[in-house]
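Good morning, colleagues, and thank you for making time for this presentation. I would ask you to keep the structure in view while I speak.

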Amino acid sequence: MSARLALLATVEEDVTESEALQLAVQHAVAELGGWGGAVHLRGHMTALRLVSAAGLTPSLTRLWDMVDPDRDTAPARAVRLRSAVWMPAEPVGPWPETGMAAAPIFSGERAVGALTVLLGDGRKPAPEQWDFLRGVAAWAEERRDGAPPPKRPPPAEGNGSRLQEALGEVRIGAWEWDIGTHELAMDEAALALFGIEARDGPALVEHWLRTVHPDDLPWTLATLEKTIRNQGVYEVEYRARRPDGSYGWTQSRAKVVLDGEGEPLRLVGTAWDSTESRSARDALSRALRHMSDGFFAVDDDWRIVFANREAERTLGSSEQELVGSVLWDLPSVRHTPELEAHCRDAARTASATGFDIQFPDTGHWYHLRLVPGPDGMTCYLTDVSEKRQRDARQQAAGKAAAERATRITELTTALARATTSRDVVDAVARRVLPPFGATGLIVQIIENDRVHTIGAVGHSREFLERMDGRPVSPGAPFTDPVLLDAPVFLSSTDELVGLYPDLAEGPDPDGEAWAYLPLTASGRTFGTCVISFDHPRRLTGEERTLLTAISGFVAQALERARLYDAEHMRARELQRSLLPRELPDLPACTTAARYLPAGHGMEVGGDWYDVIPLSAGRVALVIGDVMGHGLSEAATMGRLRTAVRTLADLELPSDEIMAHLNDIVGGLGEESYATCLCALYDPTTRLCSITSAGHPPPAVVHPDGTVSLLGGAPNPPLGAADPPFETIALTLPDESLLVLYTDGLVESAQRDIDTGIAALSEFLENADTGQLERLCDGLTAGLLPPEQGATDDDAALLVTRLHAFDAEQMASWDLPEDLQAAGEAREHVREQLSAWDLDELIMTTELLASELVGNVLRHAKGAPRLRMLHSSTLVCEVYDDSLTMPHIRRAADTDEGGRGLQLVAALSGRWGIRNTGHGKCIWTEQELPGSEGSSHFVPRF
């Protein structure tokens with residue numbers, strides 16, 4: 001490569017420009033192994049003209065004779081980018097895979113042409129070949145600048161040279177003006193062109209000025225003065241008077257010649273008749289003036305030099321106001337700052353570009369296309385406001401369609417997750433009504449030949465009550481979709497009345513337009529989904545098809561949800577039957593409870609609670625949790641709750657109750673476990689005995705507001721424990737609060753049980769414990785997740801306020817161990833009942849106390865003790881030191897004894913026996929006078 005460049009360097013200096021360019025093309029083709037090459041140079045126009053070629057057929061040279069500088073070809077791109085480029089060429093003959101490598105040719109800082117080589121097989125030049133191509137282009141630039149003028153042919157014999165003949169034909173004259181003396185020397189062609197008579201001496205500039213049209217004289221002189229001042233090139237076109245007195249267009253071009261000190265000395269130039277070209281330009285100008293699009297041109301300083309009528313209208317100024325003004329100084333575009341940045345970017349890259357701008361004054365959008373030229377920019381303005389509005393509408397429609405598709409996708413997802421009928425209705429209301437602009441929704445099903453509403457949104461209660469329970473009959477929009485298994489679309493109330501005339505006399509329909517969609521699943525139509533609008537609305541075919549498809553999804557989801565609802569209802573009924581329907585109202589305590597099922601699956605599980613009234617005002621508070629969730633666990637819970645109530649009725653202590661429960665759970669299998677806590681509270685002593693089998697510790701809220709946890713040594717769960725169970729007994733202050741709960745209340749996947757118990761204690765310390773129902777609501781809301789679906793376990797809560805008996809409510813006496821004890825017992829009964837204003841019960845109670853004390857003296861041991869309790873009932877108790885338990889039996893007619901307990905059972909409402917640890921207690925309970933059930937007392941024999 002360096003050898004070939006060195007060879008070019010030895011070329012003689014007197015070669016012409018065409019010869020130098022031909023050598024450059026030939027060496028470039030040979031070095032790159034191309035099929036041919038060419039050199040394009042800019043002419044007076046903006047197009048690139050082919051000036052030299054090698055290895056190309058005439059058909060190809062004709063194709064590439066003129067190259068548009070804005071086209072995406074290799075020569076044009078090299079000139080625009082001012083750098084070497086390669087790009088695939090257009091298919092050429094039988095060689096479709098060709099490429100073109102082009103390097104720019106400069107004249108000073110301006111790219112004036114390109115040297116291009118055609119390569120085959122889509123091959124790109126190697127790096128060293130690129131260097132050679134740039135080097136050859138640089139050599140061509142140097143030889144162009146230093147090349148001698150082309151050799152003139154020898155003058156022909158006869159009537160002058162061919163050049164003179166040509167000059168005569170085109171009427172080009174030469175002139176020279178001495179700036180100091182104002183003398184003007186002209187040749188014959190110039191004299192003839194300006195209509196100045198020849199004379200012995202040189203003409204003066206004044207002679208020439210007389211030929212210039214008066215209207216053109218001011219700016220012609222201004223241009224002349226500017227040229228001399230700036231020592232630049234003088235180029236003007238003006239109207240000059242011809243010898244016949246008419247005016248024609250003349251174009252002059254001259255160069256300033258400086259003296260030895262660098263001062264302007266003279267102007268040397270040429271002039272020619274440009275009337276014909278001016279006429280063509282005027283015709284073009286007139287065509288441009290009347291273009292439908294705005295067109296204007298700016299010079300290198302961005303001053304407007306031409307503007308057609310549409311550009312005047314768009315820019316808001318007349319031609320006189322526009323010409324000479326800087327583009328972005330115009331009032332109409334002054335507030336469009338991006339315009340100047342885009343224009344300067346286009347000038348910097350020397351490439352055509354286009355962009356949209358908005359004129360704030362009118363609000364119209366225009367597409368401005370800028371095309372660079374040799375003396376500035378030509379600009380095209382096209383109003384695209386309507387197109388942009390159309391595009392905006394299409395974009396909005398596309399966005400609405402995309403949003404609608406997204407909502408439908410969300411709807412199918414929501415319907416797949418819906419478990420209840422209410423979930424289905426909510427999903428349709430959220431995902432279907434907004435995209436269609438609907439305002440109302442009714443979902444109805446057919447049961448027993450009547451229409452029943454299972455969910456609605458956007459309708460009044462009166463309207464829904466009027467629609468609910470209507471019989472299924474033809475001729476009604478609510479039932480026709482079911483009977484016909486086809487949707488019904490009504491776009492207005494007139495269309496509704498026209499299709500169903502009977503509705504004209506009825507109540508006003510709730511809406512202005514409707515879509516009645518049948519709900520069909522498993523081949524059966526079982527209901528209707530009604531979507532209503534608050535304004536007349538005619539749905540398109542696409543919308544109707546989409547709503548019909550949606551109704552199918554809704555029907556499938558609703559069928560599943562109805563099965564779940566039925567199962568859910570049965571589960572809730574089962575759960576309600578297994579838990580206490582209502583808590584008893586007892587003197588010893590006030591209670592409130594909650595049961596919250598897990599957030600998934602059936603609402604039935606193994607958590608339970610119970611409040612069991614015992615003798616002497618005592619109460620058993622029980623809470624438990626069978627591990628697991630479902631029907632099997634619920635059945636186990638029912639068995640345990642029944643067992644606890646039975647064992648408590650036997651007056652067994654809490655540890656023995658827990659031991660029996662452990663046996664029951666152990667018999668269910670190795671996989672069965674349960675936790676349980678039983679608290680026995682005696683209001684006469686304020687003593688609370690608590691036994692726990694693997695259950696969370698209860699919390700106690702003392703009257704002063706402090707909170708403590710009754711921990712103790714933990715026992716294993718039922719089914720895994722080894723009795724005996726440890727029991728803690730403590731005395732609780734009157735009006736203390738005992739809080740029992742299952743682990744589902746304090747433990748979750750996001751929180752361990754210790755953290756949950758700490759949160760429970762903190763809540764109780766800051767809570768208002770005055771109202772137990774409100775306290776239960778606060779506990780469940782504060783400790784459980786906000787969404788019920790987030791809970792994985794059942795939760796049970798039992799809150800109890802403990803009430804101690806006052807001393808005035810209790811009376812007890814120690815009786816002697818002899819026959820006088822019965823008499824003393826009767827005397828104590830009379831006195832105490834009189835003090836309690838219970839005289840109506842004296843006779844019965846004397847008889848009961850006398851019989852119980854007599855039995856102790858006859859069948860037990862130790863001195864008897866009598867105690868009476870006055871609360872919601874009257875309790876009479878007799879204690880002794882014997883563990884022998886009496887049993888009621890049916891005495892024969894001949895038996896002298898055995899009728900005492902029968903008498904006790906007949907005279908009391910309830911009676912029983914309980915173990916006291918060091919003996920026993922036989923007790924009776926009587927209804928107080930005036931209390932509910934007292935007048936209906938029937939003795940039990």
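Let us begin with one pair of residues: Thr-691 has Thr-727, in β30, as its bridge partner. I should say at once that what we are viewing is a predicted model. The pair belongs to the contact between β27 and β30, two strands that run antiparallel and are joined by 5 bridges.

On its other pairing, β27 meets β26, again in the antiparallel sense, over 7 bridges. Here Tyr-681 is matched with Cys-688 of β27. The two strands form a hairpin with 4 residues between them, and within this hairpin Arg-686 adopts a positive phi near 60°. As for burial, 6 of the 7 residues of β27 are buried, so the strand is largely enclosed by the rest of the structure. As a general point, strands of a sheet pair through backbone hydrogen bonds, and the pairing may be parallel or antiparallel.

These strands lead us to a pocket. β26 (674-682), β27 (687-693) and β30 (727-731) are among the elements that each supply at least two residues to the lining of the second largest pocket. The others are α22 (654-666), β34 (865-870) and β36 (910-915). The space in this pocket is about 620 Å³. Which residues lie nearest its centre? They are Arg-618, Asp-682, Arg-914, Asn-915 and Thr-916, out of 25 lining residues. Sorted by class, the lining holds 9 nonpolar, 9 polar and 7 charged residues.

Let me turn now from the pocket to the cavities. A search of the whole structure yields 4 cavities of 30 Å³ or more. The largest cavity contains about 100 Å³ of space. What is the class make-up of its lining? There are 10 nonpolar residues, 1 polar residue and no charged residue. Among the lining residues are Trp-175, Trp-177, Trp-208, Tyr-234 and Tyr-238, together with Ser-252. β7 (172-178), β8 (183-186), α8 (205-209) and β10 (233-241) each contribute at least two residues to this lining.

The second largest cavity has about 40 Å³ of space. Its lining includes Gly-36, Gly-37, His-40, Trp-64 and Met-100. By class, there are 6 nonpolar and 4 polar residues here, and no charged ones. Which strand gives the most to this lining? That is β1, with 4 residues. Both β1 (36-42) and β6 (110-120) supply at least two residues.

Those two strands also sit side by side in a sheet. It is an open sheet of 6 strands in the order β3-β2-β1-β6-β5-β4, with antiparallel pairing. The edges are formed by β3 (66-67) and β4 (85-88); each has a single partner strand, so one side of each is left without a neighbour in the sheet. Further in, β5 (residues 98-107) pairs with β6 over 10 bridges in the antiparallel sense, and one of the matched pairs is Ala-103 with Leu-115 of β6.

Finally, the protein as a whole. There are 27 helices and 37 strands. Of its 941 residues, 44% count as buried. Among contacts between residues at least 6 apart in sequence, 57% join residues at least 24 apart. The accessible surface comes to about 47,900 Å², with 51% of that belonging to carbon and sulfur atoms.

That concludes the presentation; thank you for your attention.

Notes: Residues are numbered from 1 along each chain as its sequence is written. This is a predicted model: local features need pLDDT of at least 70, side-chain atom pairs count only at pLDDT 80 or more; totals for chains, interfaces and linings use all residues. Side-chain values use heavy atoms; hydrogens and water are left out. On a 1 Å grid over the protein atoms alone, a cavity is a set of points where a 1.4 Å probe fits but cannot get out, and a pocket is an open set with protein on both sides within 12 Å along at least five of seven lines; lining residues have an atom within 4 Å of a point. Grid points are joined across faces, edges and corners, and a volume is the space filled by probe spheres set on the points. Ala, Val, Leu, Ile, Met, Phe, Trp, Tyr, Cys and Pro count as nonpolar, Asp, Glu, Lys and Arg as charged, and the others, Gly among them, as polar. Buried means under 20% relative accessible area, exposed over 50%, partly exposed in between (1.4 Å probe, protein chains only). Contact means heavy atoms within 4.5 Å. Accessible areas come from the Shrake-Rupley method with a 1.4 Å probe; for residues, only the protein chains shown count as cover. Two strands pair if DSSP finds at least two bridges between them.
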